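Here are my notes on this model, point by point. Keep the structure open while you read.

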Amino acid sequence: MFYFLSKTVYLLVMPLTWVFFLLIVALFSKSKKVRKGLLISAILFLYICSCPIISRTLMKSWEVPAKPFSAYTKKYKTGIVLGGVTDVHKLPRDRVFTKQGADRILHAAKLYDLGIIENILVSGGSFLEDEDAISEALQMKKILVQCGIPDSAIFVEGNSLNTRENAIESAEILKVKFPEETHLLITSAFHMKRAMGCFEKVDLNVDAFSTDFYTSDGSLNVNPLESIYPTEESLNITYRVSREVLGFIVYRVLGYT
């Protein structure tokens, strides 16, 4: 129920939801002045949400910055990799299909190779109920094994369906296996603040390792107009950061962080 309600609430922060709302109200408005104002508002709002320099500034202000591997001078008992990076619905199921954010898994493998983490815990369940479906955690484990990580160093948590459950289920495993140890939390930069809050709430000692960035350092734009010309990608970035900020607020209100 919480998952369904959360996805419904997220519709409210979709830029297109508000654009369509303004357009529909304008369509049924009998006042020409009001209709004109609503149309102008819809156009301006759509531009602001799809403007590259605005969307990237918003996202960068929310992302937790990355640090070089050399900055992690202490050893961690476990690297906790959160799900959301594989497509459990895609067929055939004889392979793993990844989405944006797959560097969570690849960077975890690198951290293990460097000796920064001793083990890797993959966390993420599945909403699918058919016999062939497997949890996202098991899918991530397949990739790690292909990267050369030994099976004995990988722990699987395949029951969680959201970030709060990631923390609760991971804590049940790690507090038994490695009590009082510090772990490295590996997830998307824009999701790190909410994730850190959830794991600290269940009394797990974690440090942040950010991956999956929607912003870059420096500018690759050849034409300055590319910074202000509206794009679909920028519209998606605005939605992503708005959704995450709303999720952070909801989790805080509910006491999950």
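1. Which residue lies over the face of Tyr-72? Lys-67 does, at 4.8 Å from the ring centre. Bear in mind that this is a predicted model. There is another case of a charge over a ring to look up. The charged end of Lys-193 sits over the ring of Trp-62, 4.2 Å from its centre.

2. Stay with Tyr-72 for a moment. Ring pairs join Tyr-72 to a cluster with Phe-69 and Phe-209. Two members of that cluster, Phe-69 and Phe-209, are also touched by His-107. Thr-211 is another contact of His-107, when residues up to four places away in sequence are not counted. His-107 itself belongs to helix H5. Its relative accessible area is 28%, so His-107 ranks as partly exposed. In sequence, His-107 and Phe-69 are 38 residues apart. In space, their C-alpha atoms are 9.8 Å apart.

3. Now the other rings. The count of aromatic pairs comes to 7. Take Tyr-251 and Tyr-256, an edge-to-face pair. The centres are 5.3 Å apart, and the planes make 90 degrees. A pair like this is described by the distance of the centres and the angle of the planes. Are these two residues buried or exposed? Tyr-251 has 3% relative accessibility, so Tyr-251 counts as buried. Tyr-256 has 18%; the cut-off for buried is under 20%, so Tyr-256 counts as buried too.

4. Next, the sheet. In what order do the strands of the open sheet come? The order is S3-S2-S1-S4-S5, and the pairing is parallel. Strand S3 (154-157) and strand S5 (205-211) are at the edges. Each has a single partner strand, so one side of each lacks a neighbour in the sheet. From one strand to the next, the twist averages 25 degrees. As background, strands of a sheet pair through backbone hydrogen bonds, either parallel or antiparallel.

5. Look closely at S1 and S2. They run parallel and are joined by 6 bridges. Gly-79 stands opposite Ile-120 in S2. Val-81 has Val-122 as its bridge partner in S2. How many residues of S1 are buried? The count is 7 of the 7, so S1 is largely enclosed by the rest of the structure. In S2, 6 of the 7 residues are buried, so S2 is largely enclosed as well.

6. Two helices that pack on the sheet deserve a look. Helix H7 (residues 163-177) touches S1, S2, S3 and S4. The direction of H7 makes about 135 degrees with that of S3. Helix H8 touches S1, S4 and S5. The direction of H8 makes about 165 degrees with that of S5.

7. Why is H8 described as largely enclosed by the rest of the structure? Because 7 of its 10 residues (192-201) are buried. They are Met-192, Arg-194, Ala-195, Met-196, Gly-197, Cys-198 and Phe-199. Check the backbone just after H8, too. There, Asp-203 takes a positive phi of about 65 degrees.

8. On to the nonpolar cores. The largest has 22 residues. Which of them touch the most other members? They are Ile-120, Val-122, Leu-144 and Leu-184. The elements giving two or more residues to this core are strand S1 (76-82), helix H5 (103-113), strand S2 (117-123), helix H6 (136-146) and strand S4 (182-188). Apart from it lies another core, of 19 residues. Among its members are Val-202, Leu-204, Val-206 and Tyr-256. In soluble globular proteins, nonpolar side chains tend to be buried together.

9. Val-122 makes a good exercise. Leave aside its neighbours within four places in sequence. Val-122 is then in contact with Val-81, Ala-137, Met-140, Lys-141, Leu-144, Ile-154, Phe-155, Val-156 and Glu-157. Find Val-81 in that list: this residue is the bridge partner from point 5.

10. Finally, Ser-50. This residue is in helix H3 (residues 32-50). Its relative accessibility is 7%, so Ser-50 counts as buried. What does Ser-50 touch, not counting residues up to four places away in sequence? The contacts are Tyr-229, Pro-230, Thr-231, Ser-234 and Leu-235.

How values were computed:
Residues numbered from 1 in each chain as written. Predicted model: local features only at pLDDT ≥ 70, side-chain atom pairs only at ≥ 80, totals over all residues. Heavy atoms only, no water. Buried < 20%, exposed > 50% of the residue type's maximum accessible area, 1.4 Å probe, protein only. Helix = DSSP H or I, 4+ residues; strand = E, 2+ residues; numbered from the N terminus. Core = buried A, V, L, I, M, F, W, Y, C linked by side-chain atoms within 4.5 Å. Contact = heavy atoms within 4.5 Å. Pairing = 2+ DSSP bridges. Axes fitted to C-alpha atoms, helices over the stretch in contact; angles between N-to-C directions. Phe/Tyr/Trp six-rings, centres within 6.5 Å; stacked < 30°, edge-to-face > 60°. Lys NZ or Arg CZ within 6 Å of the ring centre and 35° of its normal.
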